[in-house]
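Biologist: I am new to this structure and should like to understand the terms used for it. Please show it to me.

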Amino acid sequence: DFLCISLVNGFTQLRYNLGDRTIIIQSLQKVHANGSTWHSLNAGRVGSEGYLDLDGLKVTQKASPGMNALDTHIDFFVGGVSSLNLVNPMATENEPTGFTGCIREIVVNNRELNLTVTDPKGGANIGDCDGTDCGYTVCKNNGTCQVENSGFSCSCPREWTGRTCEQSIYCSQNTCGSHSLCIPQPSSFSYTCACTLGWTGKYCNNKIKFYIAKFVGNSYIKYTDPFYGKRNLQYSRLSLNFTTNQTEGLIAWMGKSEDEDNDFLAIGLANGTLKVVVNLGERISVPLMHSKYFTCSDGRWHFITVVQNQTCIKVYLDEELILFEDIDPQRKYTALNYGGICYFGGFEIGRKVSIITTGLFQKEFFGKIKDVVLFQDSKKIQLMKAEGYNIHDGNSGN
């Protein structure tokens with residue numbers, strides 16, 4: 001399998017092969033090869049259907065029956081490869097050659113790749129393309145960069161300040177403590193302080209310990225599983241206790257959440273009903289719901305366990321088996337490749353649950369979580385030792 005973008009006789013070309021045949025899409029117009037014109041290129045595929053957009057002119061390739069997953073577990077190359085004989089003969093029209101020119105702002109699956117000296121895994125014979133202190137995206141938040149004798153300066157939009165327009169004006173005079181982030185609130189011309197794990201209070205100056213994590217809607221915990229490399233991913237298990245009086249909310253997300261192709265196991269509430277969603281590959285997300293249980297939003301503690309045995313999913317609520325389903329009898333994908341990441345209550349600040357979960361869950365979690373156990377581990381996860389923000393001590397008032 002491969003996906004390749006190249007220049008062919010002055011045209012841009014996208015070629016990809018998902019395992020059965022090579023699909024070729026070419027731009028309608030040529031690129032300006034004068035060395036001074038920047039071009040915007042968007043290319044990709046959804047299943048086997050491809051698209052190529054050069055400077056706003058889009059060409060698409062309709063899907064036809066066949067493979068629809070790109071299975072490449074190798075490095076991502078830009079501008080050339082370490083050895084040209086690594087290139088699949090079908091990936092380029094002519095003999096492959098390295099690219100000569102400038103490339104900037106590469107975004108793969110909604111994540112920008114930092115084209116710096118230190119961020120890539122490797123490379124060779126790369127120079128600075130801009131040639132000035134302004135470079136590319138030095139000024140954040142749509143600031144304008146000016147080259148000066150002493151380097152550069154940024155002219156910032158009115159709601160931003162700082163040397164590179166990196167700071168909101170609402171946070172420029174903030175009094176948040178050292179264990180916090182300042183979150184601008186433009187609607188009220190103010191700010192709030194988001195506290196790191198183990199701290200609370202208006203300015204995050206009060207140290208706390210907790211065994212029960214209380215989530216207040218803009219909270220999350222991100223736990224990295226230290227034993228991920230030793231797990232048998234065909235047999236996963238997640239159990240925890242939760243309590244809430246809300247009818248919507250994401251309780252737990254076992255997976256990386258970086259792009260739509262990531263495997264995940266998710267637990268949450270939708271319309272007051274327990275909802276479990278499992279994706280073992282190729283975006284086949286199977287929501288499992290049990291309409292009988294409208295009691296999960298009653299403010300009482302509930303114990304949930306989700307067990308994945310290859311493609312068979314079992315869900316226990318308060319130690320009663322409420323769901324049992326084989327989500328893929330064909331057994332095409334049988335492992336939960338969750339990347340060793342578990343989120344509780346929501347995702348990082350600024351990342352909305354409804355967007356990350358593509359509408360599977362509508363809101364962040366309001367409530368409490370305790371006694372989280374992964375797989376058959378003998379010990380509970382120490383939520384205090386994870387990372388996260390705006391978690392309160394849930395021990396009081398239980």
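Modeller: Domain bounds come from an automatic or database domain assignment. On that basis, domain 2 (180-208) and domain 3 (213-393) each give at least three residues to the lining of the second largest pocket. This is a predicted model, in which local features need pLDDT of at least 70, side-chain atom pairs count only at pLDDT 80 or more, and totals for chains, interfaces and linings use all residues. Residues are numbered from 1 along each chain as its sequence is written, and side-chain values use heavy atoms, without hydrogens and water.

Biologist: What makes a residue part of the lining of the second largest pocket?

Modeller: A pocket is an open set of points on a 1 Å grid over the protein atoms alone, where a 1.4 Å probe fits, with protein on both sides within 12 Å along at least five of seven lines; a lining residue has an atom within 4 Å of a point. The second largest pocket has 24 such residues, and Gly-217, Asn-218, Ser-219, Ile-349 and Asn-390 lie nearest its centre.

Biologist: Why are S4 and S5 called paired strands?

Modeller: Strands are DSSP runs (E, at least two residues), numbered from the N terminus. Two of them pair if DSSP finds at least two bridges between them. S4 (residues 41-46) and S5 (residues 49-54) are joined by six bridges in the antiparallel sense, and therefore count as paired. One of the bridges links Val-46 with Glu-49 in S5. In this hairpin, with two residues between the strands, Gly-47 has a positive phi near 65°.

Biologist: How do you know that S5 also pairs with S6?

Modeller: Five bridges join S5 to the antiparallel S6 (residues 57-61), so the pairing criterion is met. Tyr-51 has Thr-60 of S6 as its bridge partner.

Key
Helices (H or I, at least four residues) and strands (E, at least two) are DSSP runs, numbered from the N terminus.
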